[in-house]
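Biologist: Please take a close look at a single part of this model and set it in the context of the whole chain. I should like one connected account, with the criteria stated as they arise.

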Amino acid sequence: MAEVGTAGVQHPPIHSFVHHRSRLTEGQQHAWERWWQTRGRDVEDLLSGAEPFDPPAWFGRTAPLVLEIGSGMGESTAALAAAAPDVDHLAVEVFEPGLAQLLMRLAEADLTNVALLRGDAVALLRQCVPPASLIAIRVFFPDPWPKRRHRKRRLVQPDFAALAASRLEPGGTLHMATDWDDYAVQMREVCDGEPLLENTASGEPDGWTPRPEWRPVTKFEQRAVHEGRAVHDLVYRRLSTEPPSGHRA
Ligand SMILES: C[S@@+](CC[C@H](N)C(=O)[O-])C[C@H]1O[C@@H](n2cnc3c(N)ncnc32)[C@H](O)[C@@H]1O
């Protein structure tokens, strides 16, 4: 969808991802052919209304719902879904080999509490996910867009924080992790500025959430540790108060 700028001119939307067409490995291709039809959905179909956004129908039950933005190769998704069988998980990703890898992991571990969504998580949140319907949103190692001229592509911006907060139920959490110091600081500033969110680590001396042991280590964290970069976790809780009138989102 195009966005209308200040002069009324239509600009293409700015995305937090680059969509590379990548080849699937043989195993991934096999998993895709076998399971995508039943486990996967295209965000475009949900946005157009060709298919309803209907997690209870997808999972065959009504359960607390977690949405992960950028599930990558699916290590965290599969591990955390296995650890929480009573919770349903939506893994949103644009990278097909990652989604296919997650299909393989789900089959291996016999997990039925994950649905895969291919496409832009921001559009999905804005247009399909009802307000106050998620117990958690996870954003682990979002693309850092380190060059200054690319910073506008970073996912965690004020509009995103307002949107994410609005889709969380009161008490629900927005959990982010990054190995880029300046992005971690940006996340703090952005989320501290969102009236519907509060930092769950405000009691910590430095205000960062201690790394939760239950968050699996993915290759992004391994590389950061290997290269001597610190990893920051941030967990914000959705407050129950309504935002003041005229607020974003
Ligand atoms: C650096 S990777 C991290 C993957 C994974 N969370 C991990 O920790 O290993 C970031 C991923 O987010 C995905 N991504 C970025 N913006 C997205 C968006 N708006 N919607 C869906 N996926 C997105 C990218 O395709 C990429 O696979």
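Modeller: A residue is called buried if 20 or more other C-beta atoms, placed from the backbone, lie within 10 Å of its own, exposed if 12 or fewer do, and partly exposed in between. By this criterion 35% of the 249 residues of the chain are buried. The model is predicted: local features require pLDDT of at least 70 and side-chain atom pairs pLDDT 80 or more, while totals for chains, interfaces and linings use all residues. Numbering starts from 1 along each chain as its sequence is written.

The chain holds nine helices and 10 strands (DSSP runs numbered from the N terminus, H or I of at least four residues for helices, E of at least two for strands). Its C-alpha trace spans about 45 × 45 × 40 Å along the principal axes. The radius of gyration (over C-alpha atoms) is 18 Å, which agrees with the value near 18 Å for a compact globule of 249 residues (the rule being 2.2 Å times the number of residues to the power 0.38). Of the contacts between residues at least 6 apart in sequence, 77% join residues at least 24 apart (contact requires C-beta atoms, placed from the backbone, within 7 Å).

The part I select is the sheet. This open sheet has eight strands in the order S3-S6-S5-S4-S7-S8-S10-S9, with mixed pairing (two strands pair if DSSP finds at least two bridges between them). S3 and S9 (197-199) are the edge strands, each pairing on one side only. From one strand to the next the twist averages 20 degrees (axes are lines fitted to C-alpha atoms, for helices over the stretch in contact, with angles from 0 to 180 degrees between N-to-C directions).

S4 (residues 65-69) and S7 (residues 134-140) pair in the parallel sense over three bridges, and Leu-67 stands opposite Ile-137 of S7. Helix H5 packs on the sheet, where it touches S3, S5 (88-93) and S6, and its direction makes about 165 degrees with that of S6.

S8 and S10 run antiparallel and are joined by six bridges, with Ala-177 opposite Asp-233 of S10. S10 (residues 232-238) has a covered face formed by His-232, Leu-234, Tyr-236 and Arg-238, whereas Asp-233, Val-235 and Arg-237 form the uncovered one. S9 and S10 pair in the antiparallel sense over three bridges; there, Glu-198 has Arg-237 as its bridge partner in S10.

Thr-178 lies in S8 (residues 168-178). Thr-178 counts as buried because it has 28 C-beta neighbours inside 10 Å. Beyond four places in sequence, the contacts of Thr-178 are Phe-141, Pro-142, Pro-144, Tyr-183, Ala-184, Met-187 and His-232, the last of which belongs to the covered face of S10. Thr-178 is 151 residues from Gly-27 in sequence and 30 Å from it in space, C-alpha to C-alpha.

Helix H1 (residues 26-39) also adjoins this account, since the cover of its buried residues includes S3 (40-42), H5 (96-109) and S6 (114-118). Those buried residues are Gln-28, Ala-31, Trp-32 and Arg-39. H1 bends by about 40 degrees at Glu-33 (the angle between axes fitted to the seven residues ending there and the seven starting there). The end C-alpha atoms of H1 are 19 Å apart, in agreement with the 20 Å expected for its 14 residues at 1.5 Å a residue (1.5 Å times one less than the number of residues).

Notes
Two residues are in contact if their C-beta atoms, placed from the backbone, lie within 7 Å.
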